[in-house]
Each structure stands twice: as structure tokens, then as C-alpha cells.
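The following exchange asks how the labels given to a structural model are justified. Each answer sets a value against the criterion behind the label.

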Amino acid sequence: MSNWKFWIALVVAGLVICLAAIVMVWKILQKQYEKSMLDYQNRMLSQEMEEVKTIYKTMRGWRHDYHNHMQSVKAYLAEENTAGAQAYLDRLETDLDQVRLLFDTGNLNVDAILNAKISLALEREIPCHYKATIPKQLSVSDIDLCVILGNLIDNAVEACRDVEPKSQFLRLYIAPMKQQLYISVSNATNELVRKLDEDYISRKRGDHGHGLKRIDVVVEKYGGYINRKNEPGVFVTEIMLPL
């Protein structure tokens, strides 16, 4: 009888040790994942801030030089040198083309992130088609909306890098639809995925996988809907967020 008790006690002790080891390993993996996510978010925030600062600095420079430019144009006109004034304005227009203010939705944070991200895509010569209408009243915070949009566009640009230039494209559409904020981003891809679920996201290691998970977390937070579709040459993400 004592032998049975001994073996039972031994088995129980072994199970307790195994359980403790599993819990310990799980905690270690959880901390590593949280640290990885935090590092990724910090890198993303730093990158986005640099992109926005670049636009801001350019606009500040234009504001600073505005009066000087006007004085130069007035000087040409005072001399009735319309050709000189026209040439000067043409040079200013060429300079201004480098500052792409592509979005003016009324939401400053969204405009900043969209202008920065789409400008970056255009600089990489990715053909972009875009339209965005943001209602004044939103249930989703500006920060969370920027997380979604920033990651969507980053992933789209990253996918286009692996596609030959003539086949690259990025399309963005944002608008209210049936009491929902509808977001659609489609882009060129050379990837064909049959199953778009957690397995797909998990296999996307690195920043791309983190970005997909961040999008899912925010959409789930607001009880929204997300749909990913992958067809030959095209990857589409559609998101609905309650207004």
C-alpha cells in the first residue's frame, strides 16, 4: 500500500513540476512577445514621427519664405517684367510640387499620417489612387485609426517592393458607409495565400506580422469587421468600424 502511495505521490509531484515548467515557459514567451511588440511599436512611432516632421519642416520653410517670394514677384511686376514673374512662379510651383499635401479630411492626425505614408509611396514611384472622407464624429480614437492606416499602407508598400515596377499599384479608399467607417486598401502582390487567418498572420514574421496583429487588435477593440482577400496579383484589406 505504501508503494502505491509513493508512486502516486511521485506522479503528482512530476505533474506539478511539469505544470510549473509550462507556466514558466509561457510567461517567458509572453514577455518576449510583449517586448517584441513594444519594440516594433516604438520603431513605427519613430518612423512616422520622422515622416511627419519632414513634411512639417518643409511647410515651415515655405511659410518662412512666403513674404520673400511675394516681394520678388512684386519687384518683377513693378518693372512690368511679366515674363520674369512667370518664370519665378514656375520655379516656385516646381518646388511646391515636392510638398505633397494629398489629404485634407479635416482630421489633422489622419491627414498627417496619410500624407506622410502616401507621399513615401509616391517617392518610390508606386502608382497610387486614393480618396479619403473622414466624418467629424468618430468612435475610434485618432491614435487607433492612425495605427490601422499606418500599418495598412506600410504593408501595401512593402508588398509592392517585391513586384516588378510596371505591375505595382496601391489603392486607398476611406468613407462613411451605413453608419460605419469603411476602409479599403488594395495593392499589388506576388503572393497567393489560400487561407487568410491566424495561421497566415503568424507566418508573417517580423514587422509585417506585427502590423497585421496590431490591425486586428484595434478592429476587435471597437467591435469592427475585417476582411482580407488575396487574388492573383492583388491583396485587399477591408475594414468596417462603427461610427
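Q: How many helices and strands are there in the protein chain?
A: In this predicted model, the protein chain holds 6 helices and 5 strands, and along the sequence they follow the pattern α-α-α-β-α-β-β-α-α-β-β.

Q: What makes Phe103 and Tyr130 an aromatic pair, and why is the pair called tilted?
A: The whole structure contains 2 aromatic pairs. In the one formed by Phe103 and Tyr130, the centres are 5.1 Å apart and the planes meet at 45 degrees; because rings pair when their centres lie within 6.5 Å, and because an angle that is neither under 30 nor over 60 degrees counts as tilted, both parts of the label follow. The pair links distant parts of the chain, with Phe103 in the loop between helix H2 (82-96) and helix H3 (108-123) and Tyr130 in strand S1 (residues 128-132), 27 residues apart.

Q: Why is Phe103 called buried, and what is Tyr130 called?
A: Phe103 has a relative accessibility of 7%, and because buried means under 20%, the word applies. Tyr130, at 32%, is partly exposed, since that class covers the range between 20% and 50%.

Q: What makes the pair of Tyr173 and Tyr182 tilted?
A: Tyr173 and Tyr182 lie 6.2 Å apart, centre to centre, with 55 degrees between their planes; the distance is within the limit of 6.5 Å and the angle is not over 60 degrees, so the pair counts as tilted and not as edge-to-face. Tyr173 is partly exposed at 34%, whereas Tyr182 is buried at 13%.

Q: How do you know that strand S5 (residues 234-242) is largely enclosed by the rest of the structure?
A: In strand S5, 7 of the 9 residues are buried, so the strand is largely enclosed by the rest of the structure.

Q: What makes S3 and S4 pairing partners of S5?
A: A pairing needs at least two bridges. Strand S3 (residues 180-188) has 9 bridges to S5 in the antiparallel sense, one partnership being that of Asn187 with Phe235 in S5. Strand S4 (residues 225-231) is joined to S5 by 7 bridges, also antiparallel, and here Tyr225 stands opposite Met240. The criterion is therefore met in both cases.

Q: Which residue in the turn between S4 and S5 has a positive phi?
A: S4 and S5 form a hairpin with 2 residues between them, and Gly233 in the turn has a positive phi of about 85 degrees.

Definitions and conventions:
Residues numbered from 1 in each chain as written. Predicted model: local features only at pLDDT ≥ 70, side-chain atom pairs only at ≥ 80, totals over all residues. Heavy atoms only, no water. Helix = DSSP H or I, 4+ residues; strand = E, 2+ residues; numbered from the N terminus. Phe/Tyr/Trp six-rings, centres within 6.5 Å; stacked < 30°, edge-to-face > 60°. Buried < 20%, exposed > 50% of the residue type's maximum accessible area, 1.4 Å probe, protein only.
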